[in-house]
Amino acid sequence: MRTRTLTLSAAVGAALLAVAALPANASGTANPRSAQEGSVSAAALLAKVTSCSQISSGKYRTDEETSATVPVCGKNGAVFWKADLDIDCDGQVTARCNGDTDPWFQDDTAFHQSNGQALRADSLPYVVVPSTSGIWKYTSSGIKGGGVVAVVYNGKVEYAVVGDTGPTQIIGEASYATASALGIDPDPETGGTDSGVTYILFKNSQVSPIESHSAAVSLGDSLARQFLQNN
């Protein structure tokens, strides 16, 4: 992830390039799924995160131009935050995620598949965590690459993995595939949503291999049930 700032003219130019470059039928990617994954409802998870015991030293901005209002909160077995969702298309080059469709595209992710390749944002649900700073060090909270995240939005639950790191002062970003599954516009330039997304990251969890979404769902559902019991 990177801080997303563009001048208006650059943004317009990038949009025109994206339209020209994107094939009429982008192939080779998974179709968006309809998210309600696992047996734990969105309402049940949200009922456990109504109040925040802040564990971060400060708060995060959701975008470069906004004020810092988002704390990282602690619960038994998890940390969580409530923010927006910006689209991360970084990783492997595909028809949907590349330098033409995404003006901020980077061909790598902080964490990698079992074969050493970058993650694939348009087919793998993953979440971006802020890079270590004085605000918060994610590894100190038991969060690691491949850790399981329950992403809750609009009555839906989507299980994802911790797949990338972002700016030290900004929070609220997930992959193209995560957004698609939750019914959020996944366009890396114009998509996303400004609010209403809850990210619950389960401590000391790790999906293996990281690219197996089915493994993330299976482990996530088990951890979500434990979370309900322990909070």
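**Figure 1. Helix α4, checked end to end.** In this predicted model, helix α4 covers residues 213-230. How far apart should the ends of its 18 residues be? At 1.5 Å a residue, the expected span is 26 Å, and the C-alpha atoms at the two ends are 25 Å apart, which agrees. Now look at which parts of α4 are tucked away: His213, Ala216, Val217, Gly220, Asp221, Leu223, Ala224 and Phe227 are buried. An α-helix has 3.6 residues a turn, so residues three or four places apart point the same way. Keep that in mind as you read along the list of buried positions. What covers them? The cover includes α2 (42-46) and the strands β1 (73-75), β2 (78-88), β4 (148-153), β5 (156-166) and β7 (193-202).

**Figure 2. The largest nonpolar core, and Phe202 inside it.** This core has 59 residues. Which of them have the most contacts inside the core? They are Trp81, Tyr199 and Phe202. The elements that each give two or more residues are α2, β2, β3 (126-130), β4, β5, α3 (176-181), β7 and α4. Strand β2 gives the most, with seven residues. Zoom in on Phe202 and you meet some residues of α4 again: leaving aside neighbours within four places in sequence, Phe202 is in contact with Gly220, Leu223, Ala224 and Phe227, among others. Its other partners include Gly77, Ala78, Gly142, Ile143, Val148, Ala150 and Tyr159.

**Figure 3. Rings that meet: Trp81, Trp136 and Tyr199.** The structure holds three aromatic pairs. In one of them, the ring centres of Trp81 and Trp136 are 5.8 Å apart. Why is this pair called edge-to-face? The ring planes sit at 75°, and anything over 60 degrees counts as edge-to-face, so the pair gets that label. Trp81 is in strand β2, while Trp136 is in the loop between β3 and β4, so this pair, 55 residues apart, links distant parts of the chain. Are these two tryptophans buried or exposed? Trp81 has 1% relative accessibility, so it counts as buried. Trp136 is at 4%, so it is buried too. Add Tyr199 to the view and you have a cluster, with ring pairs linking Trp81, Trp136 and Tyr199.

**Figure 4. The disulfide between Cys52 and Cys73.** A search of the whole structure finds two disulfides, and this view shows the one that joins Cys52 to Cys73, with 2.0 Å from S to S. The two cysteines are 21 residues apart and link distant parts of the chain: Cys52 is in the loop between α2 and β1, and Cys73 is in strand β1. Which hand does the disulfide have? The torsion about its S-S bond is about -100°, so it is left-handed. The two ends have their own surroundings. Cys52 has 39% relative accessibility, so it counts as partly exposed, whereas Cys73 is buried, at 3%.

**Figure 5. The disulfide between Cys89 and Cys97.** Here the sulfur atoms are 1.9 Å apart. The torsion about the S-S bond is about -65°, so this disulfide is left-handed. Both Cys89 and Cys97 are buried. If you number the bonded cysteines in sequence order, the pairing reads 1-2, 3-4.

**Figure 6. Pro71 in its loop.** Pro71 is found in the loop between α2 and β1. With 18% relative accessibility, it falls under the 20% cut-off, so it counts as buried. Who are its contacts, once neighbours within four places in sequence are left aside? They are Cys52, Gln54, Ser56, Gly58, Lys59, Phe80 and Trp81. You have already met Cys52 as one end of a disulfide. Pro71 and Lys82 are eleven residues apart along the chain, with 8.2 Å between their C-alpha atoms.

**Figure 7. Ser175 in strand β6.** Ser175 sits in strand β6, which is made of residues 173-175. Its relative accessible area is 0%, so it is buried. What does Ser175 touch, not counting residues up to four places away in sequence? The answer is Asp88, Ala121, Leu124, Pro125 and Tyr126.

**Figure 8. How confident is the prediction?** The mean pLDDT of the protein chain is 89, and 85% of its residues reach 70 or more. Residues 1-32 are another story: pLDDT stays under 50 there, and the model has 60 contacts beyond four places in sequence for this stretch.

Note on methods: Residues numbered from 1 in each chain as written. Predicted model: local features only at pLDDT ≥ 70, side-chain atom pairs only at ≥ 80, totals over all residues. Heavy atoms only, no water. Helix = DSSP H or I, 4+ residues; strand = E, 2+ residues; numbered from the N terminus. Expected span 1.5 Å × (residues − 1). Buried < 20%, exposed > 50% of the residue type's maximum accessible area, 1.4 Å probe, protein only. Contact = heavy atoms within 4.5 Å. Core = buried A, V, L, I, M, F, W, Y, C linked by side-chain atoms within 4.5 Å. Disulfide = S-S within 2.5 Å. Phe/Tyr/Trp six-rings, centres within 6.5 Å; stacked < 30°, edge-to-face > 60°. pLDDT = per-residue confidence, 0-100.
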